[in-house]
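I opened this notebook page to record what I looked up, beginning with the fold of one chain and then turning to how the copies are arranged.

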6 protein chains.
Amino acid sequence: MVERGLFIGRFQPFHYGHLYALKWILEREEEVVVAVGSAQYSHSFRNPFTLGERIEMIAAALREHSIWGRVLVSGVPDTDGVHSLWVRLVTSYCPRFTRVYTNDALTRLLFEEEGYEVHPIPFFERERLEGTRIRIAMAEGREWRDCVPSSVARVIEEVRGVERVAQLYRMEVARDRKS
Amino acid sequence: MVERGLFIGRFQPFHYGHLYALKWILEREEEVVVAVGSAQYSHSFRNPFTLGERIEMIAAALREHSIWGRVLVSGVPDTDGVHSLWVRLVTSYCPRFTRVYTNDALTRLLFEEEGYEVHPIPFFERERLEGTRIRIAMAEGREWRDCVPSSVARVIEEVRGVERVAQLYRMEVARDRKS
Amino acid sequence: MVERGLFIGRFQPFHYGHLYALKWILEREEEVVVAVGSAQYSHSFRNPFTLGERIEMIAAALREHSIWGRVLVSGVPDTDGVHSLWVRLVTSYCPRFTRVYTNDALTRLLFEEEGYEVHPIPFFERERLEGTRIRIAMAEGREWRDCVPSSVARVIEEVRGVERVAQLYRMEVARDRKS
Amino acid sequence: MVERGLFIGRFQPFHYGHLYALKWILEREEEVVVAVGSAQYSHSFRNPFTLGERIEMIAAALREHSIWGRVLVSGVPDTDGVHSLWVRLVTSYCPRFTRVYTNDALTRLLFEEEGYEVHPIPFFERERLEGTRIRIAMAEGREWRDCVPSSVARVIEEVRGVERVAQLYRMEVARDRKS
Amino acid sequence: MVERGLFIGRFQPFHYGHLYALKWILEREEEVVVAVGSAQYSHSFRNPFTLGERIEMIAAALREHSIWGRVLVSGVPDTDGVHSLWVRLVTSYCPRFTRVYTNDALTRLLFEEEGYEVHPIPFFERERLEGTRIRIAMAEGREWRDCVPSSVARVIEEVRGVERVAQLYRMEVARDRKS
Amino acid sequence: MVERGLFIGRFQPFHYGHLYALKWILEREEEVVVAVGSAQYSHSFRNPFTLGERIEMIAAALREHSIWGRVLVSGVPDTDGVHSLWVRLVTSYCPRFTRVYTNDALTRLLFEEEGYEVHPIPFFERERLEGTRIRIAMAEGREWRDCVPSSVARVIEEVRGVERVAQLYRMEVARDRKS
């Protein structure tokens with residue numbers, strides 16, 4: 001069996017930080033399984049894009065950067081607080097893997113309790129390449145295209161993602177103001 | 001936007017019938033989205049393999065036959081009888097597609113009611129290349145390897161799939177005898 | 001508080017048997033709550049119509065027969081075998097009621113265990129006015145319009161219900177032949 | 001087919017603002033479908049009343065104001081963040097409709113993405129006729145009866161709604177103080 | 001840590017066969033965890049008793065036979081075909097255990113795939129001490145009390161279990177006759 | 001039938017406050033049913049321990065303090081805001097009981113609406129014996145062992161609970177700092 005690393009994220013959207021991380025893992029592993037988390041969610045400021053849109057972004061970026069051949073992708077839903085089942089959900093929804101790559105503290109905790117080897121991933125220009133920042137930039141009409149592969153920007157524009165993110169951001173701001 | 005066809009199946013396991021169908025659709029479409037249905041089920045005779053194992057089989061077959069570049073894969077759970085939501089679940093879990101390819105009558109009905117163009121797929125040696133038959137052959141110790149790409153057979157053996165299918169078949173037969 | 005009787009059914013479709021039963025209950029109760037069961041299901045031969053379509057049929061029939069004023073309607077989902085919660089689901093999804101009218105043995109058992117008074121309903125031409133029979137008649141191209149109020153027949157035709165039922169029936173027959 | 005507008009709300013409780021909005025929509029549409037959202041929730045300060053209680057309030061108000069004949073009501077559960085399925089849930093749980101009337105930004109976004117025509121509704125004394133304000137007034141022992149149709153006030157009193165809302169409000173205030 | 005064996009069953013009802021099995025396991029293990037499966041189901045002929053009623057029966061039998069001190073009990077819901085999550089659900093709903101005792105083929109398969117040691121349990125008068133047979137005896141008015149500890153019979157009678165089982169059996173027979 | 005009181009809590013972890021409350025109830029009731037709430041949750045700072053771990057703690061404490069014989073334990077999941085079903089879920093997941101003992105305002109409200117007699121429980125050194133405080137003490141490396149029975153402390157240490165709570169607390173603090 002081929003050795004694989006697991007790379008988990010929500011990819012809202014898939015940006016250069018994810019791409020660099022993926023390439024960094026590919027230097028260490030024969031193949032990588034990309035698990036697209038919170039698969040069932042969309043149309044919130046935190047999770048604006050559907051699983052289908054995110055898979056489309058990832059596929060576009062993999063092709064643009066010619067790393068298609070060694071990457072497998074699968075969506076994994078959240079278990080909504082039922083954390084004890086989540087690792088097993090990941091292992092049944094994803095191709096087999098040996099090591100886990102993540103910077104998320106809960107993911108690390110859950111996988112380590114199940115006996116997995118978990119590795120951190122170096123951040124790449126974290127100040128700039130971070131999902132929330134990119135979504136806020138989209139919402140506020142500032143530059144965001146240089147944070148994502150150009151093929152990803154194309155998908156976002158085709159699904160009218162900027163309008164959606166901007167609208168969801170306005171709602172979030174309105175809600176915060178209220179409470 | 002690229003035009004895509006949707007190819008839906010359970011792929012228990014992914015066999016040459018699926019591969020030929022996929023190639024046939026690829027002659028008609030720029031790209032194909034493979035939707036792996038009943039994603040949440042496994043470990044029954046009808047659905048022995050997990051979503052992760054099925055994605056691994058499909059990826060292996062796509063590589064073996066060098067059609068990797070134009071195919072996108074995503075798992076889609078069953079909605080357990082809540083059929084009115086299923087088409088929308090497919091469209092939110094899968095990259096965008098224009099036409100649907102299926103021989104399943106309910107899938108056809110549901111997509112046509114939502115206004116999609118649905119096409120049948122020619123069968124390829126249906127007598128031999130059919131999921132249930134292949135699983136029975138696995139369970140009864142008869143030849144099944146020539147029904148699936150050799151890379152798929154390897155995945156099945158690595159996950160000890162033949163033993164699992166055989167055991168699940170014995171349970172099903174025992175249950176039928178009882179009732 | 002006004003006294004109400006509860007009338008539970010799946011109404012697939014709402015036919016004259018239901019209408020006569022409803023009128024019979026209205027002679028005994030100030031008002032009637034019509035609970036549309038299995039609310040989440042549709043597009044199967046047993047449950048072809050959505051909750052929305054069934055509410056539309058019931059509203060049309062109530063108006064056609066001018067009994068609109070004393071009837072309240074609500075959909076109630078199945079609890080999929082979690083029977084202990086079902087009565088409480090009905091009471092929280094429906095306006096308050098005092099007595100239950102049903103011929104279904106499980107409904108009777110569940111409501112009686114919770115202390116409700118449950119009454120049977122006389123059947124009206126049961127041979128002819130029965131959901132399954134009417135759906136089979138629709139599927140086989142035989143007369144079914146005289147079994148339902150004409151306003152209900154109109155709704156069924158507008159949603160192309162006959163074609164749907166016929167298609168679902170063919171699938172069911174095919175499935176039975178297989179197993 | 002009759003043309004219908006969809007009017008979505010949580011109706012916690014159904015107040016004069018809702019009634020005026022409904023009348024305003026009835027001037028523009030042949031019929032109105034009232035979708036009672038967050039159907040499964042109750043016994044929180046945000047959603048104190050059950051679906052059954054809300055349907056009872058709406059029915060009472062419609063009768064009191066003699067607009068019963070052109071209004072259809074159905075409850076629709078929340079999809080808990082799975083926003084991509086919500087529009088389809090509404091269309092399968094409600095009688096058919098053509099246009100959507102709402103002032104909720106997310107509802108607008110979701111329906112517009114699915115191709116629906118969405119209209120805002122003028123507010124009627126928004127300062128006074130707003131669900132949260134009315135519930136706080138109930139909880140603090142201030143006047144609230146003049147904000148709702150008198151038949152609605154009767155239902156609220158019969159189910160001892162003021163006591164329930166007051167108790168839920170005290171819990172919410174206690175929780176806020178803690179965090 | 002104390003070593004524990006896991007004993008899984010549905011206990012519909014808890015009978016002498018279960019008691020003998022439990023005693024047999026207690027000879028081999030310091031403590032036993034009794035997992036009450038299909039916890040969410042009740043009021044069907046296959047699963048007539050609620051989880052609460054089954055826990056009450058087990059507690060009564062343990063006390064009557066003075067094996068209370070070394071037994072821990074917990075209910076575990078079915079995962080409705082999502083078999084890949086079931087073992088993890090058991091381990092998170094039950095106190096820690098080392099070995100599994102079961103005669104159920106699927107339970108064996110699932111636990112063995114996760115690396116557990118699984119042992120069969122000798123049957124005790126299987127012809128007589130089997131859940132389905134005991135429920136049929138209850139339904140048909142034949143002797144069943146000698147198949148269960150007398151304290152269990154008392155619980156069954158207090159919850160009017162015989163009447164419930166008889167009624168559920170009649171429904172099942174009627175359904176079978178129909179199809 | 002024996003008279004039983006219901007004692008509901010989350011027991012994160014089971015501490016001396018719970019033990020004293022349980023003993024206080026046992027002076028008033030023949031037997032006590034301990035309902036372990038939020039059964040499905042674990043691995044959050046609010047609910048760090050699984051149901052299985054909590055049942056193990058409770059069993060250990062009952063034995064250490066020799067009150068094992070008159071106490072029955074069962075886990076009950078949260079209904080996630082669907083409060084109208086929760087009381088019925090408790091009654092179907094737990095052995096029969098007559099009175100409810102709780103200091104939780106929502107539990108009181110829900111049980112009283114269903115007609116139950118609800119009693120408050122005196123607090124025992126509330127300043128010190130409170131779940132959140134104990135978890136913070138665990139997380140901050142301060143003394144917590146004297147707040148729980150020594151057998152409970154042993155279970156917590158065996159499952160490496162202090163490390164888990166500390167890690168979950170760090171995440172919570174980080175999240176709060178962000179928002």
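Entry 1, strand pairing. I began with chain B of this model, which is predicted, and found that strand 1 (residues 4-9) of chain B runs parallel to strand 2 of chain B, the two being joined by six bridges. Within this pairing I noted that Leu6(B) stands opposite Val33(B) of strand 2 of chain B. I then followed the chain between these strands: from strand 1 of chain B the path goes through helix 1 (residues 16-26) of chain B to strand 2 of chain B, and this β-α-β crossover is right-handed.

Entry 2, the other neighbour of strand 2. I looked next at strand 3 (residues 71-75) of chain B, which is parallel to strand 2 of chain B and joined to it by five bridges. Here Val33(B) turns up again, with Leu72(B) in strand 3 of chain B as its bridge partner. The connection from strand 2 of chain B to strand 3 of chain B passes through helix 2 (residues 51-64) of chain B, and this β-α-β crossover is right-handed.

Entry 3, burial. Is strand 2 of chain B enclosed or open? I found that five of the six residues of strand 2 (residues 31-36) of chain B are buried, so the strand is largely enclosed by the rest of the structure.

Entry 4, chains A and B. I superposed chain B on chain A and obtained an RMSD of 0.0 Å, by a turn of 180 degrees with a shift of 0.0 Å along the axis, which is the relation of a two-fold axis. Looking for the C-alpha of chain B nearest that axis, I found that of Ser74(B), at 3.1 Å from it. I also compared the interface residues: 100% of those of chain B are interface residues in chain A as well, so the copies meet through the same surface.

Entry 5, chains D and F. Which rotation superposes chain D on chain F? I found one of 120 degrees, with 0.0 Å of shift along its axis and an RMSD of 0.0 Å, so the two copies are related as by a three-fold rotation axis. In chain D, the C-alpha nearest this axis belongs to Asp80(D), 5.7 Å from it. The contact between these chains draws nine residues from chain D and eight residues from chain F; on the side of chain D that touches chain F, I noted two nonpolar, six polar and one charged.

Entry 6, pairs without contact. I checked chain A against chain C and found no contact, their closest C-alpha atoms lying 19 Å apart. Chain D and chain E do not touch either, with their nearest C-alpha atoms 19 Å apart.

Note on methods. Residues are numbered from 1 along each chain as its sequence is written. Chains are lettered from A and ligands numbered from 1 in the order in which they are written. This is a predicted model: local features need pLDDT of at least 70, side-chain atom pairs count only at pLDDT 80 or more; totals for chains, interfaces and linings use all residues. Two residues are in contact if their C-beta atoms, placed from the backbone, lie within 7 Å. Ala, Val, Leu, Ile, Met, Phe, Trp, Tyr, Cys and Pro count as nonpolar, Asp, Glu, Lys and Arg as charged, and the others, Gly among them, as polar. Copies are superposed by least squares on the C-alpha atoms of residues with pLDDT of at least 70 in both. A residue is buried if 20 or more other C-beta atoms lie within 10 Å of its own, exposed if 12 or fewer, and partly exposed in between; C-beta atoms are placed from the backbone. Helices (H or I, at least four residues) and strands (E, at least two) are DSSP runs, numbered from the N terminus. Two strands pair if DSSP finds at least two bridges between them. A crossover is right-handed if, with the strands pointing away from the viewer, the path from the first strand over the helix to the second runs clockwise.
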